[in-house]
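Trainee: I would like to go through one residue and the chain contact around it. Can we take it step by step?

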There are 4 protein chains.
Amino acid sequence: MAQTKKNLNIAMVGNGFIARAHSNAFHQVGHFFDVDYWLHTKIICGRNQAKLEAFAEQWGWEEVSLDWESVVGRPDVDIVDIAVPNALHSPIALAAAAAGKIIFCEKPLAMSTEQGEKMATAVRNLPNLVWFNYRRVPAIAFAKQLIAEGRLGTIFHYRSYYFNQSGTDSSKAQTWRYHRSEAGSGAVGDLLSHSLDTAMYLNGEISELSATTHTFAPGREIDDAVQVMTRFGNSSLGSFEASRFGVGRRNGNGFEIYGSKGNLAFDVEDMNRLEFFDATEPGPMQARRSLLVTGPEHPYSANFWKPGHIIGYEHTFIATLGDFLQALARKEQFHPNFDDALKVQRVLEVVETFAASRQWLKL
Amino acid sequence: MAQTKKNLNIAMVGNGFIARAHSNAFHQVGHFFDVDYWLHTKIICGRNQAKLEAFAEQWGWEEVSLDWESVVGRPDVDIVDIAVPNALHSPIALAAAAAGKIIFCEKPLAMSTEQGEKMATAVRNLPNLVWFNYRRVPAIAFAKQLIAEGRLGTIFHYRSYYFNQSGTDSSKAQTWRYHRSEAGSGAVGDLLSHSLDTAMYLNGEISELSATTHTFAPGREIDDAVQVMTRFGNSSLGSFEASRFGVGRRNGNGFEIYGSKGNLAFDVEDMNRLEFFDATEPGPMQARRSLLVTGPEHPYSANFWKPGHIIGYEHTFIATLGDFLQALARKEQFHPNFDDALKVQRVLEVVETFAASRQWLKL
Amino acid sequence: MAQTKKNLNIAMVGNGFIARAHSNAFHQVGHFFDVDYWLHTKIICGRNQAKLEAFAEQWGWEEVSLDWESVVGRPDVDIVDIAVPNALHSPIALAAAAAGKIIFCEKPLAMSTEQGEKMATAVRNLPNLVWFNYRRVPAIAFAKQLIAEGRLGTIFHYRSYYFNQSGTDSSKAQTWRYHRSEAGSGAVGDLLSHSLDTAMYLNGEISELSATTHTFAPGREIDDAVQVMTRFGNSSLGSFEASRFGVGRRNGNGFEIYGSKGNLAFDVEDMNRLEFFDATEPGPMQARRSLLVTGPEHPYSANFWKPGHIIGYEHTFIATLGDFLQALARKEQFHPNFDDALKVQRVLEVVETFAASRQWLKL
Amino acid sequence: MAQTKKNLNIAMVGNGFIARAHSNAFHQVGHFFDVDYWLHTKIICGRNQAKLEAFAEQWGWEEVSLDWESVVGRPDVDIVDIAVPNALHSPIALAAAAAGKIIFCEKPLAMSTEQGEKMATAVRNLPNLVWFNYRRVPAIAFAKQLIAEGRLGTIFHYRSYYFNQSGTDSSKAQTWRYHRSEAGSGAVGDLLSHSLDTAMYLNGEISELSATTHTFAPGREIDDAVQVMTRFGNSSLGSFEASRFGVGRRNGNGFEIYGSKGNLAFDVEDMNRLEFFDATEPGPMQARRSLLVTGPEHPYSANFWKPGHIIGYEHTFIATLGDFLQALARKEQFHPNFDDALKVQRVLEVVETFAASRQWLKL
């Protein structure tokens, strides 16, 4: 089999936290997924030579570069992976697209819908991926399967939250995530984007909404929290709340879905579990059950360990990449791609527009 | 001590589910609270003689009557307890007030703010109580105490939900709760009213809001679900969602509160517990703890059993009544009273007004 | 219906914590159970006149007496209820039996098997009851039903624990529970007796065992903790552990049962819930589900409130009494009775015998 | 830094499930731990050429061999890793020791205490490790730290369980784990060995015990379940139960520890959490808290991801190896080593000896 595998060289732009998760996936995907490619961690690009070298040594990147523009078009680069602040997604993606590369991009896709549309158009004929990694949490993939099988019946309510406490840590206030020019928005782009992608993956498109945003920290130029009420295309009601002032929550990213036949609940802090209530059971047996989604027939369990042997955060990136490479071999479209992320971007922009025109009733 | 206790005769209007909870409280309060009164379950009023007699036998009511109007003014009646559909709250309360009785009323107070204002004015100089019983869940009373002690710091988020599945049971569609003329509203008055009273008890008054309501059942004349986004007087953000289409939830009535120093979470299906996260602890010891609120120093634990020996739904009514009778002896104002319930009523009306003018953005 | 109800006068011996739970049940049973009797809380007996009078006033006992021996044979007494330290169970039960009364007795039945046998013989032709109240926790009654339906298949493991922290409270060291002459044993009679009754109710008789006891508190004359390994008649393995040094547990009384078709778990601190794992479900749907045992078809739910409206500790006594009175009307044997409690007593005695001859291997 | 790293070539014997976990650790340790070595996955040995080649391709082993005896002494091998059935641990370890290699061995160490003693003696002057990987679950390492700080006070009870359902799967009955000649024992060596290592790590040595074993499956030559009651050197009581007939549990490996100042609870199916009850808190604040052991100051959190971003089963192997390599660089003794595993082996043997002489009391 080894002879038939193709080599793919990766150039990654970025060397922060998320670049570690990507690097890990590049090394691990072949251990857990049957793929037709050898991935090579070829070049890592960034702004600080010393940090780049340390990162490259730790994660096995062959070269470092301070100049991504000279890298993304190199003939020995097959994949360009964008793991940098939001404001840079567009220029790198457009350059990589112009060079005909396979393109991976961190979320949220862009700084605006307009920008996102240009990016999506540019990559449309190239294999591409956006790192909405939570779709590959086995419990979320299993939720998708249960919904597709009609196990929830008609959906009535989709309820989402994403709370962490990052906004209360003043030591982080100088990082790019708190500047409009680099991040575009706060909880909206950082957290709500994840919630929306999961919601639209599980429950379909959003047809209309009302929203508000709020900034708790004095002088901060972006939002710290956002609330959204939506109607989905399937007529269900949606509620979303995301905040960086959720003191006590580290990565409190979850949802509840209520349908005519039951409900589901999930929280990424207990990501190996999915709560399921089956209202088609006989009355006295109806209860919320806590599925440990590591069983022999659960999504991705054949890839990783044994039943009861849980996986973690990093495996969502590995599974995203594994599925991408298998789709690539089959010449199939992978999801979530730039077009999927553009749909999220459109909702984010409407949220911000609506929030700006806030017209509540006073009591 | 027995000699000094005063007798209070009760006339209760209503013989449904909630009238059982009231009757139980009338019999039990003296067993668990040190009160200066002997309560007598004197007369029960309703519309069906046979049901009234059966109820009276089971719950020890001395007389039955089909004519509440002739009862509420009787000189041998001290307390009038209103446990009937919402549309009757106002006429009974006004008649009882005119007769100078002590008045207890089920929630929501009224069919409208205007009606509620008249009721509140009428009873203002009489001892009165509204059965927002959840304030006396020991865990909620303890939450109130923790907040008052500053254990949460500055409040950022108040998140509330009240989900049950009553709306999906078509066999109930003919009951008063599904008719506008008797109930006024659906999830709004039935569920959201409870959520709002708890919220305003714990987090203060609401200053402004946006809201939407929705009816899932075809042809139903009242709302099945409601969503509200609020700003509180203390600048915290509020989100409320209540639904009778929360399949799988029986009485899923809970909240989360996030502040600068920690968070709290509660659900009435596990009403002996309060979840508390103390962010002032050293980092590695910070965690959500599950307080079993039955301990020697918790609210009401001295009244009931021993630590670890839990109480249930009915005890919230007993504790409400116990506190009322103790306030009565001290000639102090009891809360929640008609004025408190009127504040809830005002919010309910703004919710319905706002929801009627729904102006969302389409995508 | 009222005309046909018979009057039953109760004489209760004891005025401590458990006497409150009994008194409550006597007053409440008619509110929640359809019974053919009017119970009258006639006479309460004890050793301290002032405490008796206060108790009688609070709980509505008509008379007080310092001399139980003159009371239990009175012709106007129908039921003798024994709610005193263990050493007094036998003399009161024998006297009440000699007078032909209905007899209720607290657990454990006796100070020894020999004593218990005499008591059981004496009451055999009289209606009798032992207050192993936990059998009437709805979740435990439902567990019994699930097992009877074969939902667990062949039982492999019965695992039981009962942990509280009472032994670490030195202020209680002078109470009767810490003296051999009054209590007979410590954790064995106080806690293990409950665990054994539940186990034998759910899983049948115990055929053989090995055990050990331990006293942590210096100078204490009774055991603080006990461990037992058993074989049941159905060939399953049992493990029991009970301790008064379980710091942090208030009433940590629970079990797990594993069978070929699934498992069950229960803890009385969350007594409205039963955890059930159904291994006959398709693989990916197998999970422990948390049954909220308040549903329309669950045991005792028709007696108390509505689905999702939980009950507490006291309701187990009410349900025990309700079932007893219904059995009495039908002239049927009630369980648990003195014979059932004698079976528990026999196991307790073997536990103590085995523990006394401790022959472990040293490492 | 790269220049100063030393190369270490690994020869692993075994290509089953656990060999995957080891291989993963060899590749991943450098990504998460700052170590002075480059590990090379040099040679994998086994019995089936095709399986070996597939494994080698997937996990990046350079060579395969059907003859471990010719491999373990090769000069280009630095580390011998033993990942084969228990009966082969001893010959491979002794051969590797004779060749002066660094030796890693799966648990349980040996087939008997006598065998284990010879192995421990042979490796005493060589760096060695036994894969009791659960010590490096961050939550267990944090439990160790809390106990060392005296946060539990005097220990009263150590309660352990390890339940899975592997024994009920008849398709596995032909594997080595069910044959005495290859496995030595069943639940005893497979599951109890893990429980004992964790217990002795956290609570010190065991001084005496009583035990029983049981085989549920007809005709099976090894035990399916084991129960042990122990006394620890610190005078606390221990109870252990392990079973392969715990239907519904996949990897139900946990413990509870009760001390004078609080308690701890852990289950590996939720391995990112540690439950802690602090009885030194003011009474009303005492509660079991659910620590999400991913925080900035928790063990190993600096190595892996961010707070709230959980890790899984495989990380315990990575952390074991990381700590070993750091100890190696410092020329310090690593734990758990062969001597630690020998202590576990001694207890296992006493358990089997005691169980063989079963002398329970019949009822």
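Trainee: Leaving aside its neighbours within four places in sequence, which residues is H309(C) in contact with?
Mentor: The model is predicted. H309(C) lies in the loop between β14 (288-292) and α9 (313-329) of chain C. With neighbours within four places in sequence set aside, H309(C) is in contact with T294(C), F17(B), Y134(B), N251(B) and Y313(B).

Trainee: Is H309(C) buried or exposed?
Mentor: Buried means under 20% relative accessible area. H309(C) has a relative accessible area of 8%, so the residue counts as buried.

Trainee: Which backbone oxygen does the side chain of H309(C) reach?
Mentor: The distance is 3.0 Å, and a polar contact requires N or O atoms within 3.5 Å. The backbone oxygen belongs to P307(C).

Trainee: How many salt bridges are there between chain C and chain B?
Mentor: One of them joins E57(C) to K5(B), with the closest N and O atoms 4.0 Å apart. E57(C) is also among the residues of chain C that lose the most area to chain B, along with H31(C) and W305(C). The count of salt bridges between the two chains is 4.

Trainee: Which element supplies the largest share of the side of chain C that touches chain B?
Mentor: The contact takes 39 residues from chain C and 39 residues from chain B. On the side of chain C, α1 (17-32), α2 (49-59) and α9 each supply at least two residues. The largest share, 9 residues, comes from α1(C).

Note on methods:
Residues are numbered from 1 along each chain as its sequence is written. Chains are lettered from A and ligands numbered from 1 in the order in which they are written. This is a predicted model: local features need pLDDT of at least 70, side-chain atom pairs count only at pLDDT 80 or more; totals for chains, interfaces and linings use all residues. Side-chain values use heavy atoms; hydrogens and water are left out. Helices (H or I, at least four residues) and strands (E, at least two) are DSSP runs, numbered from the N terminus. Buried means under 20% relative accessible area, exposed over 50%, partly exposed in between (1.4 Å probe, protein chains only). A polar contact is a pair of N or O atoms within 3.5 Å; within protein, one must be able to donate a hydrogen and the other to accept it, and residues adjacent in sequence count only if both atoms are side-chain atoms. Contact means heavy atoms within 4.5 Å. Buried area is the accessible area (1.4 Å probe) that two parts lose on being put together, summed over both. A salt bridge is a side-chain nitrogen of Lys or Arg within 4 Å of a carboxyl oxygen of Asp or Glu.
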